[in-house]
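The following exercises are to be worked through with the sequence and the model in view. Each task is followed by a solution in steps.

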Amino acid sequence: MKRDIIINQFVIKFANINGTGSASANNLFSRGIFRMGVPISPKNIFPSNIQGLPTWYEVRVSESGFLGRRGGIDIMVSMNPQSMQRDIAEVDKGGYFIYDSTKPLDPKLFRDDIDIIGLPLTATCRELYEDPRQRQLFRNVMYVGSLCALLDLDIEVFKQLISDQFRGKEKLVTPNVKAIETGYRLAQENATCPMAFRVEKRNNVGNKILIDGNTAAGLGAVYGGATVAAWYPITPSTSVIDAYSKYCRTFRVDPETGEKNYAIVQAEDELAAIGMVIGSYWTGARAFTATSGPGLSLMNEFLGLAYFAEIPTVLVEVQRAGPSTGMPTRTQQSDVLLAAYASHGDTKHICLYPSTPKECFEYTAMAFDLAERFQTPVILLSDLDLGMNENMSEPLEWDDERTYDRGKILTHDDLENMKERYGRYLDVDNDGIPYRTLPGTHPTKGSFFTRGTSKDEYAIYTEIGEKYIENMDRLQRKWRTASKYVPKPIIRKTDKPCTIGVVHYGTSEASTLEALHHLNTLHGISLDSMGIQSFPFSDEVGQFIAEHEYVFVVEQNRDAQMRTLLINEYDFDPDRLVPLLHYDGSPITARFIRREIRDWILQTTTSPRRGSRFF
Amino acid sequence: MSYTVPSFRHPNLPRNELGYTSKDYEGAVSTLCAGCGHDSISAAIIDACFQMSIQPHRVAKLSGIGCSSKTPTYFLGNSHGFNSVHGRMPSVATGANMANRNLLYIGVSGDGDTASIGMGQFVHAVRRNINMVYICENNGVYGLTKGQDSATTDLGSKSKKGDPSPYEPIDLCALSLQLGATFVANSFSGDKDQLVPIIQAAIAHKGFAFINVISPCVTFNNVSSSTKAYDYMRQHMASTNTVDYVPTADEITTDYQEGTTERVTMHDGSYLNLHKLEAQHDIHSRRSALKLMKDYGAEDKVLTGVLFIDETTQELHEIMKTTKTPLRNLTEKELCPGADALEKLNNQFR
Ligand SMILES: Cc1ncc(C[n+]2csc(CCOP(=O)(O)OP(=O)(O)O)c2C)c(N)n1
Ligand code: SF4
Ligand SMILES: [Mg+2]
C-alpha cells in the first residue's frame, strides 16, 4: 500500500479487557505524547463491570489542538480477542490493525484495505516472566514499547515517565523499562518501523495540564471552601469525592493534632446526602454532594425544600446515559431538564455547564459563592466524558486576593443594632434576596423557623394566597438577579454577518468548534457559535438566538433538552431551533456535527420554503 | 396558623441561672388538638431547658413532617428551627451538626416519620452516634394525615375506622438498643415527672440519645385497644427506675441508698440518680434492657425510664477527628490552599 506520511494527526484506539491493568499502560502512552509537546485527548470507553469485559481507550492525537472526538479510527491496538471482529471492522480504510500474534489471526477477519501488524506479545511475556500477573501487566507496557517504534515516539521520554511514576519504588523501574525496550524490539523485528502515522516533538501544549474533570471539581470544592461533603457512591461521580478527600488530606489536616478541617460523610443514600448538605448550610458551613442522574432523581424532594426555604446547596452532577440505570459507564447530557427544574411545584435551579477541567475547577469554586449569594441550590452539570477522562486543559488558577462571597448573612452586631423587626424573607434590597441568620448568632434576635411550607416575610406559616404569590414572585425576582451574576455565554462570531448560529454547552464544545473550523476551511461555510455556560440564561443568550434566523442546538441526548429549555424560557419559534443530537453513549464527534450541519444547510438552501438567505 | 405569644412577663416568675423565666423558652401557641400528647412533650422540653439554663439560641431544633414534627414551633421560640421533609430530619441534623458541633441539637419526629418513611435515616443516625437528642413522639398512628395505621400500631389494635392492624409493631426502643444506640429511654407524655429528667439526661449525654415518648393522639388513636392511649398507659406503665437529673453545678445533696440507687455520671460532669425499682436491671447492659422490656411486655406492661446508657463512646466528630472549632467558623485562611499550592499541583499534571 502506498501511503502518505501523517504527522501528529490520528486517532488510535486500544481494545482491552477490563481488570487486566491496561489502564496504566494506556495512560503512559498518552502522557508520553503529551510530554513530547503534542496535544492529545484520551477517552476511556468502559463497561459497568469490574473484570473480564471489553474496554476501549481512544486517543486523539492532534497537532492542531482539536480535543473533541474526531470520529473514525486510524490505528487499532487489539488486545482483546472477544471484541476483535468488531474492532478490526472499525478501522478506517488505510489504517492499521495491531494484534497479538501469539494466536494467529482468524483469516475470516482479514481485510486488505488496511495494514495488519502481528506482534508475539504474549509469547514473549511467557518466556520472560514466570508470574502470570506479571505476564499480563508487562504485556501492556510492552505494546507501549512497540508503539514507540511504530509511531516513532521518543523512547527516552517514556523511560523518564516510568522513573517519575515509580519514584520511591525504584525496584519497579527496571522491569518496566525492560518491557518498553522489549516491545520496541518486537516491533522492529515484526513490522516496518515507523509506520505512516508518526509523532514528532512539538511545542504545542504550552503550560497545559492533563487532568480529569472530576479531580478538577474536587479541587474546586477544596479551594471554594467546602468543609462538609456528603455523598453516596455512583459512577461517574465518585472520583469527585475521591479527589476532594485526597486534597483535604493534603491541605486540611493539622500535622500536629491530626485534626481535620473538613468532614466527609458517606451517606446511606442520596436523599440523606443532600439532606446533610442542606443541614450544613443551614448552620453555616459550605457543603456539597456529588452524584449522577439516579441520585439527582432521589434528591428532588429536598431540592424543592432548599429552593423554597432558600438554603444554599451545591451539587456536582456528573451525567451518564439514562434513563434508569441506562448505560452507567457511558456519557450523555441527558439530565439538563431534570437539573433545571428538579422537584415538584414551581422550582428552578442555577446550573453551570463546564466544558473543560479548568471550568470544572472554577465553576465548582464559583458554585459555593453563587449558592450563598442566592441562597439556593447550584448544580454543576458535568458528564462522564469530562469527569472521568483526562483532558488537556489550561492550568488551574487561583487569585489569592479572592474572598468567599458568603452572601447576605446577618452577624450578631447586625442584629444587635437592628431597629426594625427581622424578617427572614423580606426583600430589603429589592433584588429578591433576603437576609439569613445562622443558628447560635444572637440570644434574642434573628431566630426563625425554616420550613418547606408557605410563609410570610417573617417566616410565619401562612396559607393566604396573596402572601404565597408575593413570596413566589420574589423568588422570581431573585432568579432574574441571578441571571446577571452567572457566567455569560461564550460567543464566537465570524467576521462576516451570518444568519445561522450554533449553540453548544458542556462537552459538546470541542467537537462543535472543530466541526465549525472544518465547515469553514473545507466547505466555505462560516457560522457564529455560542457556548451556554449557565442557567438562568443571561440576556446575551436570548440576544444571540434572536440575531440568527436559525440556530443549531448541539447536544448529547435524544430529546433535545437544552433546546426545550431555551424554548421554554424564551418564546422562540421552535422551528428556528434545529436539534443536532447524538446519544449513543459515546462522546459526540466533530465529523458527525460537521456532516449534520452541512447536510442540513445543503438541503435547506435547495428547499424553497426556507430560501437561501444564509450566506 | 401559628401566633406569637404576647410578650407579657409575670414579674414573679422564677428565673434560672441565666436570668430567664420559663416564658423565654416557650414558642408560638400550639395549633394541635386540645389534649394531644405532643403538647405535653413540648412543655417537658421547655421545662428541661429552662431548668438546665440552656441558652435558647444555642439550641437547634429540627423535625420531619407530621403533627409531632410541627411542635418545634411551639417551644424554644428563640432557637432556630427547621421543619424539613417527611422522614429526613436525621440527615439534616447530621449535616447541621457536622457544620457546627457547638450547638445542642434536638430532633423531634413521629412514629410515621421515624419508623416508616424515615427508618433508613433513623438507623443510620443511631449508627453514626450523632451528638443529638432524638425524640419520637409515638402515638401509633399517622395523626396529620388523619388516622392511618403506622408501623408502631399494635397488632390487632383497631383504628378509628374499625379495622384491626394485621402487622407486628416495630419497637423503636428495642431497635435502637440493637443498633447500638448509646442512650435509650422510654417515657409517656402524661408523666412529666419522669419525662423532664429523662430529657435533661439525654441533653447531657454525648452521642445519640433516643427517647421514645408514648404520646396519645386524642383524635385518632386514644382508643381502648391501643397501648398508646392515655388510659392504657396510666394503668400499665411500669418504670425501670425513677430518674433524678442533677446538673453539674448542683451540690450533691441527694442521699441515695446503696443497692437501690445508681449514679451515672454524664460526660459533662452532671449525673443521673436512678432510683431503681427493678434491682436486676443493669443500666449499662443492652441485654438486660431488652430482656426486661420483653418480660414486662409479656405481662402486658410498658416499661419506661432510662433503659440504657453508655457514657464511654465517641460521637461522630470524635470518630471523624474533626477540628474542635465548628467547621462553619473556618475561613479562607484555613480552608484555601492558595495559588502557590495550585501551581505545584499543576506541575503534577504535566
Ligand atoms: C413525601 C411525603 N409523603 C407523605 C406525606 C404526608 N404525610 C404528612 S405527615 C404524615 C404522617 C405523619 O405521621 P407521624 O410521623 O406519626 O406524625 P403524627 O402526625 O402522628 O405526629 C404523612 C404520611 C408527606 N408530607 N411527604
Ligand atoms: S391529630 Fe392526633 S397527633 Fe395530631 S394534633 Fe390531633 S391529637 Fe395530636
Ligand atoms: Mg404518629
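**Exercise 1.** Locate Ser343(A) among the secondary-structure elements of chain A and describe its phi angle.

*Solution.* Step one: Ser343(A) is placed in the loop between helix H12 (336–340) and strand S14 (350–352) of chain A. Here helices (H or I, at least four residues) and strands (E, at least two) are DSSP runs, numbered from the N terminus. Step two: the phi angle of Ser343(A) is near 95°, which is a positive value in a residue other than glycine.

Two conventions apply throughout. This is a predicted model, in which local features need pLDDT of at least 70 and side-chain atom pairs count only at pLDDT 80 or more, while totals for chains, interfaces and linings use all residues. Residues are numbered from 1 along each chain as its sequence is written, chains are lettered from A and ligands numbered from 1 in the order in which they are written, and side-chain values use heavy atoms, with hydrogens and water left out.

**Exercise 2.** Find where the cis peptide bonds at Pro194(A) and Pro536(A) lie.

*Solution.* Step one: Cys193(A) and Pro194(A) are joined by a cis peptide bond with omega of about -10°. Pro194(A) belongs to the loop between helix H6 (173–190) and strand S8 (197–198) of chain A. Step two: Phe535(A) and Pro536(A) are likewise joined by a cis peptide bond, with omega of about 5°. Pro536(A) is in the loop between strand S21 (534–535) and helix H18 (539–547) of chain A.

**Exercise 3.** State which parts of chain A are linked by the salt bridge of Glu372(A) with Arg406(A).

*Solution.* Step one: a salt bridge is a side-chain nitrogen of Lys or Arg within 4 Å of a carboxyl oxygen of Asp or Glu. By this rule, there are 51 salt bridges over all chains. Step two: in the pair Glu372(A) and Arg406(A), the closest N and O atoms are 2.4 Å apart. Step three: Glu372(A) is in helix H13 (residues 357–374) of chain A, whereas Arg406(A) is in the loop between strand S16 (390–393) and helix H15 (412–416); the pair is 34 residues apart and links distant parts of the chain.

**Exercise 4.** Describe the surroundings of ligand 1.

*Solution.* Step one: ligand 1 lies between chains A and B. Of the 18 residues around ligand 1 (a heavy atom within 4 Å), those that come nearest are Cys67(B), Ser68(B), Gly112(B), Asp113(B) and Gly143(B). Step two: an oxygen atom of ligand 1 is 2.8 Å from a backbone N or O atom of Cys67(B). In the side chain of Ser68(B), an N or O atom is 2.7 Å from an oxygen atom of ligand 1, and for the side chain of Asp111(B) the distance is 2.8 Å. Step three: helix H2 (67–70), helix H4 (111–115) and strand S5 (141–142) of chain B each supply at least two residues of the shell. H4(B) gives the most, with three residues.

**Exercise 5.** Which residues surround ligand 2?

*Solution.* The residues are Leu32(B), Cys33(B), Cys36(B), His38(B), Cys67(B), Asn139(B), Cys217(B), Val218(B), Thr219(B) and Phe220(B).

**Exercise 6.** Characterise the contact of chain B with chain A.

*Solution.* Step one: the contact (heavy atoms within 4.5 Å) takes 57 residues from chain B and 73 residues from chain A. Step two: the two chains bury about 5,400 Å² between them, 61% of it on carbon and sulfur atoms. Buried area is the accessible area (1.4 Å probe) that two parts lose on being put together, summed over both. His80(B), Phe349(B) and Arg350(B) supply 15% of the area that chain B buries against chain A, more than any other three residues. Step three: there are two salt bridges between chain B and chain A. Lys324(B) forms a salt bridge with Glu259(A), with the closest N and O atoms 2.5 Å apart.

Note on methods. A polar contact is a pair of N or O atoms within 3.5 Å; within protein, one must be able to donate a hydrogen and the other to accept it, and residues adjacent in sequence count only if both atoms are side-chain atoms.
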